[in-house]
Each structure stands twice: as structure tokens, then as C-alpha cells.
Amino acid sequence: MNPSTTLGNLKLVCEDAPAALRLTWSGEFDEREPGTVLKDYAAEVEQIAGSGRHAVSIDVSGVTFMNSSGIGFLTRFIRALADRGVSVEVEYDTRVPWQELSKRCMRLIFARLANVRIGDQPRAG
């Protein structure tokens with residue numbers, strides 16, 4: 001299984017690395033209903049990660065634009081993985097202003113979850 005896909009100007013690449021399932025997203029995330037369009041992608045990643053992998057790295061540093069629907073999708077996606085006991089790490093390019101802001105918000109949202117790491121934030125717990 002390889003849930004890599006393309007959605008408009010957004011490319012989502014999945015690499016089965018030894019330490020984690022590595023997801024690299026690049027391009028513009030401007031889909032209005034990503035939860036509907038990427039439902040199968042998210043389900044497949046969750047299934048792979050929940051079946052023994054137990055670690056997912058999401059690299060959004062190559063995303064040049066992400067609308068509020070994309071941020072909502074990313075938040076729900078991280079939460080769904082974390083709720084399955086999967087360790088999640090999200091990497092940002094903090095030289096990009098919106099990514100720095102998103103990283104700060106995600107740190108606040110997931111501050112209490114020991115299995116979620118945002119940017120260079122030390123793991124809780």
C-alpha cells in the first residue's frame with residue numbers, strides 16, 4: 001500500500017521509512033473540502049500507521065499555501081492518528097510566516113498529547 005496522491009496543486013507523497021511512515025506534502029493546499037476528497041488517503045495512512053508502524057512524520061515544509069480547511073484537515077488528521085496511539089511528528093519551515101504561525105497554534109492544540117511533536121518542540125511527558 002502506498003497512499004501517495006495528488007490533489008489539484010498539492011502533492012502528498014508517502015514513504016515507508018524504517019523509523020516512521022513519512023508523509024511529505026508540497027504545493028498549495030487550497031481544497032475547500034479536503035476531509036471529503038482525502039478521506040481514503042487519511043484512512044489508508046491511519047490503517048498503515050495503526051497496524052504496527054506506530055510513528056508518522058508529516059513534513060509540510062514544502063506547502064506554499066494552506067487555507068483554513070487544510071489546517072482543519074491537518075488538525076483532525078493528527079488527532080485521529082494520535083487517538084490510535086500513533087506517534088506523530090509535524091515538520092514546518094518556520095522561515096515561512098504562515099507556517100510559523102501554524103506551528104505555534106498546533107503546539108497549543110496538541111500540548112497535552114505526549115505522542116504528538118510539532119516542529120522542534122520537545123515531547124511532553
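## A first stop: A114

Let's start with one residue: A114 is partly exposed, at a relative accessible area of 43%. Here buried means under 20% relative accessible area, exposed over 50%, and partly exposed in between, using a 1.4 Å probe and protein chains only. A114 sits in the loop between α4 (97-109) and β6 (116-118). Measuring from C-alpha to C-alpha, A114 and Y41 are 25 Å apart in space and 73 residues apart in sequence.

## About the model

This is a predicted model, in which local features need pLDDT of at least 70 and side-chain atom pairs count only at pLDDT 80 or more, while totals for chains, interfaces and linings use all residues. Residues are numbered from 1 along each chain as its sequence is written, and side-chain values use heavy atoms, with hydrogens and water left out.

How confident is the predictor? The chain averages a pLDDT of 89, and 93% of the residues score at least 70; pLDDT is the predictor's confidence in each residue, from 0 to 100. Over residues 121-125, pLDDT stays under 50, and the model has nine contacts for them beyond four places in sequence. A contact means heavy atoms within 4.5 Å. Where pLDDT is low, the predicted coordinates should not be read in detail.

## The overall fold

What order do the elements follow? From the N terminus on, they run β-β-β-α-α-β-α-β-α-β, giving four helices and six strands in the chain. Helices (H or I, at least four residues) and strands (E, at least two) are DSSP runs, numbered from the N terminus.

The radius of gyration is 13 Å, which agrees with the value near 14 Å for a compact globule of 125 residues. This radius is taken over C-alpha atoms, and the globule rule is 2.2 Å times the number of residues to the power 0.38. Along the principal axes, the C-alpha atoms fill a box of roughly 35 × 30 × 25 Å. Of the contacts between residues at least 6 apart in sequence, 67% join residues at least 24 apart.

## Inside and outside

Buried residues account for 43% of the 125 residues. The chain exposes about 6,600 Å², with carbon and sulfur atoms supplying 49% of it; these areas come from the Shrake-Rupley method with a 1.4 Å probe, and for residues only the protein chains shown count as cover.

## Three more residues to find

Is L21 buried or exposed? L21 is buried, with a relative accessible area of 2%, and belongs to strand β3 (residues 21-29). Its C-alpha atom is separated by 25 Å from that of W98, 77 residues apart along the chain.

Q47 lies in helix α2 (residues 39-53) and counts as partly exposed at 44% relative accessibility. The C-alpha atoms of Q47 and R84 are separated by 9.5 Å, with their positions 37 residues apart along the chain.

E89 is part of strand β5 (residues 87-91) and, at 22% relative accessibility, is partly exposed. Which residues does E89 touch, leaving aside neighbours within four places in sequence? E89 is in contact with V56, S57, I58, R117 and G119. From C-alpha to C-alpha, E89 and K103 are 11 Å apart in space, and they are 14 residues apart in sequence.
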